[in-house]
Amino acid sequence: MTINSFKLATALTPQGDQPRAIEQLCARIAAGGRHTTLLGVTGSGKTFTMANVIAKLGRPALVVAPNKTLAAQLFSEFKEFFPDNAVEYFISYYDYFQPEAYVPSSDTYIAKDSAINDDIDRMRHKATRSLFERRDVIVVASVSCIYGLGSPQKYAKLVLPIKTHEKVSREIFMRRLIDIQYGRNDTSLTRGNFRVRGDTIDIYPAHQRDEMLRIEFFGDEIDRVALVDSLTGETIRVVDELTLYPSSHYVADRTDVKLIVKEVLEDLGVRLRELRAMGKMDLYVRLEQRVMHDVELLEHLGFCPGIENYSRYLTGAKPGQPPPTLLDYFPKDFITFIDESHITVPQIGGMFRGDRSRKQVLVDFGFRLPSALDNRPLNFDEFLARTGQLVHVTATPGNYELALPDNLFVEQIIRPTGLIDPKITIKPVHGQVDQLYGLMRSAVEKGGRVLVTALTKRMAEDLTKYYSDMGMRVRWLHSGVESLERIDILRDLRRGVFDILIGINLLREGLDLPEVTLVAVMDADKEGFLRSARSLIQIVGRAARNVDSQVIFFADRITDSMKTCIDETDRRRRIQTDHNTKHGITPKTIIKSVAEDLRKVYGLATDGDDFDSPAMKKAISLLAKRDVATVEKTIRDRTKEMQNFAAALDFEKAAEARDDIRSLKDLLLKYSGSDDALSESSSISGSNEADE
């Protein structure tokens with residue numbers, strides 16, 4: 001049964017500034033206000049306020065986060081608030097992405113290279129499916145939501161309804177599956193494929209992990225439709241009808257390859273004449289050879305490397321026309337919450353310019369046709385045109401929010417917990433590494449956690465090694481860490497697997513770590529983006545969830561940014577202190593359970609995953625010796641055992657083997673950086689997202 005209303009499942013009630021903020025936001029949105037800013041300090045419960053607004057208004061919502069780590073945290077929180085509703089996760093599906101580029105100064109061409117995370121791709125399919133089928137949807141997304149996704153109209157046109165007793169032959173049904181980009185594989189059934197066994201067709205839907213569809217035919221009629229376990233083949237339930245969505249978002253209704261090739265060649269002729277007129281015969285030859293090679297592959301295979309650069313021809317779009325994105329899948333009345341808007345808004349605006357600059361060089365130097373420029377993210381005006389009412393959520397409004405003439409600011413400064421912003425202590429830079437060691441040891445001995453912000457990746461890694469050699473349990477975190485592993489690192493910090501986390505710019509906005517009692521800023525007086533007033537205020541906010549917290553700035557002078565941060569922190573301290581005194585509130589540390597592993601929240605791992613089991617301990621021991629090969633062999637051997645158990649109909653042992661394999665693959669992902677378990681090559685990609 002489809003649910004069309006939001007049900008907020010929590011024992012919490014709005015407190016402090018929250019009731020007023022919720023009332024003002026709801027009234028503003030109901031009145032049709034385009035821009036509203038929730039000016040909420042760290043720890044004031046902005047996510048809870050957003051959840052209440054969504055529940056009261058009952059409209060679909062998009063929550064845009066500035067990075068994957070914060071998106072994962074928000075997804076987990078909204079999933080807890082709305083367990084009976086569709087809370088979805090939509091981020092870039094690249095574990096690794098190297099865009100095609102050319103560096104004229106060194107005459108260096110860099111080919112596109114990428115690794116797609118299969119699990120995240122499945123989440124994206126589930127998100128768009130929910131948007132088609134229900135209204136009680138919250139999608140937590142990164143800025144990948146502004147990248148090309150494929151037309152929702154064409155996607156919906158290829159939806160395949162399946163009904164019991166429908167008159168259709170098995171052969172026609174298979175052709176319909178191929179039309180919606182499902183491939184036939186009778187040997188190994190994987191996501192996005194189907195297999196045929198006599199009068200039975202098994203289909204592995206693009207949004208599923210553990211369930212398949214089994215369609216049984218009797219003559220030219222569908223006799224039975226069932227959902228079955230993908231491993232054991234046991235029937236989960238029988239259904240009368242269901243809807244199967246395409247295996248790819250990048251569907252095209254233009255199947256006339258000759259017409260597509262004709263348009264490509266016409267544009268090639270125009271561009272070649274331009275290059276000849278400019279006397280750039282080397283670029284002329286390069287472009288002609290590359291495009292003719294692509295055209296030959298398109299004619300014979302229907303595909304070529306870099307096919308996304310020809311997306312305009314495949315979809316029939318006009319030059320310069322913006323691509324369809326996730327925003328086009330939402331109903332017209334959806335609400336957009338831009339979390340940490342002071343950095344998310346510039347990100348959204350900057351994506352188009354960066355992508356355009358890179359591709360323009362490829363076009364100018366004969367590597368691509370001008371049509372490649374149409375495979376792009378939305379620019380900011382196009383983003384605004386596709387979103388209706390926006391709520392900017394931040395503790396430090398940016399220039400954009402401050403300059404909006406119709407923007408209403410709703411303050412949420414008072415924390416329900418009574419927590420006061422931490423005091424900021426300034427210590428000299430000389431000897432900061434050794435001073436920090438003593439401060440960290442003291443904090444850890446009292447059961448606290450520590451965050452340290454460095455200026456560079458190298459500094460973060462060197463400090464981690466130094467303090468680790470000194471006997472501290474410490475890890476580092478920066479953009480080089482794979483997206484799902486970042487989530488695990490933050491969870492392990494909260495759980496006490498280690499005590500100290502050293503990072504750069506990832507330890508700022510939105511991270512909810514109530515166990516942290518010490519935040520240290522190295523070289524706080526180095527003015528710049530990482531030490532601006534907004535950045536420092538956000539860094540201080542990481543220590544605003546624990547009553548025993550403190551913040552240390554290592555600096556030899558007080559910069560303008562530091563002064564602004566200190567003054568704003570003092571103002572907030574006064575407001576909270578006055579409120580506590582008036583209402584007799586004693587500040588209390590936030591008590592918050594550690595969210596489940598994101599893989600478990602979204603069904604990407606099982607409760608059987610046990611990293612303390614004998615098998616896991618043995619694997620950890622092997623990986624400590626860098627013996628990855630033995631662990632990989634264990635996975636292969638266990639896979640054969642699983643298949644043998646399943647063939648012998650011993651499904652209980654097969655399920656146990658499956659759980660062991662998943663745990664071992666997760667272990668490789670976490671400790672050796674292997675992404676083999678999660679990645680698969682992509683035949684067609686309609687987007688060119690950066691791994692934000």
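## A walk through the salt bridges

Let's start with Arg 572, which counts as buried because its relative accessibility is 7%, under the 20% cut-off. Keep in mind as you look around that this is a predicted model. Arg 572 isn't alone in there: its side chain meets that of Glu 568 in a salt bridge, 2.7 Å from N to O. Glu 568 has a relative accessible area of 18%, so this residue is buried too. Both residues sit in helix α17, which covers residues 560-583. Arg 572 and Glu 568 are 4 residues apart, about one turn of that helix.

Some salt bridges link up with others. Glu 100, Arg 290, Asp 294 and Arg 368 are joined into one network by salt bridges that share partners. How many salt bridges does the count come to? The tally is 39, so there are plenty to pick from if you want to explore; here, "salt bridge" means a side-chain nitrogen of Lys or Arg within 4 Å of a carboxyl oxygen of Asp or Glu.

Two further pairs are worth a stop. Arg 195 forms a salt bridge with Asp 202, and their closest N and O atoms are 3.1 Å apart. Are these two buried or exposed? Arg 195 is buried, and Asp 202 is as well. Now turn to Arg 184 and Asp 186, whose side chains meet in a salt bridge at 2.9 Å, N to O. Arg 184 has a relative accessible area of 48%, so this residue is partly exposed. Asp 186 is also partly exposed, because its value is 33%.

Next, find helix α4, residues 118-133, where you'll come across Lys 126. Lys 126 counts as partly exposed because its relative accessibility is 27%. Follow the chain along to Tyr 245 and you've gone 119 residues from Lys 126, yet in space the two are 9.8 Å apart, C-alpha to C-alpha.

Finally, how far can you trust the picture? The protein chain has a mean pLDDT of 84, and 85% of its residues reach 70 or more. Over residues 598-609, though, the pLDDT is below 50, and the model gives this stretch 41 contacts beyond near neighbours in sequence. Residues 672-692 also have pLDDT under 50, with 72 contacts beyond four places in sequence. Where pLDDT is low, the predicted coordinates shouldn't be read in detail.

Note on methods. Residues numbered from 1 in each chain as written. Predicted model: local features only at pLDDT ≥ 70, side-chain atom pairs only at ≥ 80, totals over all residues. Heavy atoms only, no water. Helix = DSSP H or I, 4+ residues; strand = E, 2+ residues; numbered from the N terminus. Buried < 20%, exposed > 50% of the residue type's maximum accessible area, 1.4 Å probe, protein only. pLDDT = per-residue confidence, 0-100. Contact = heavy atoms within 4.5 Å.
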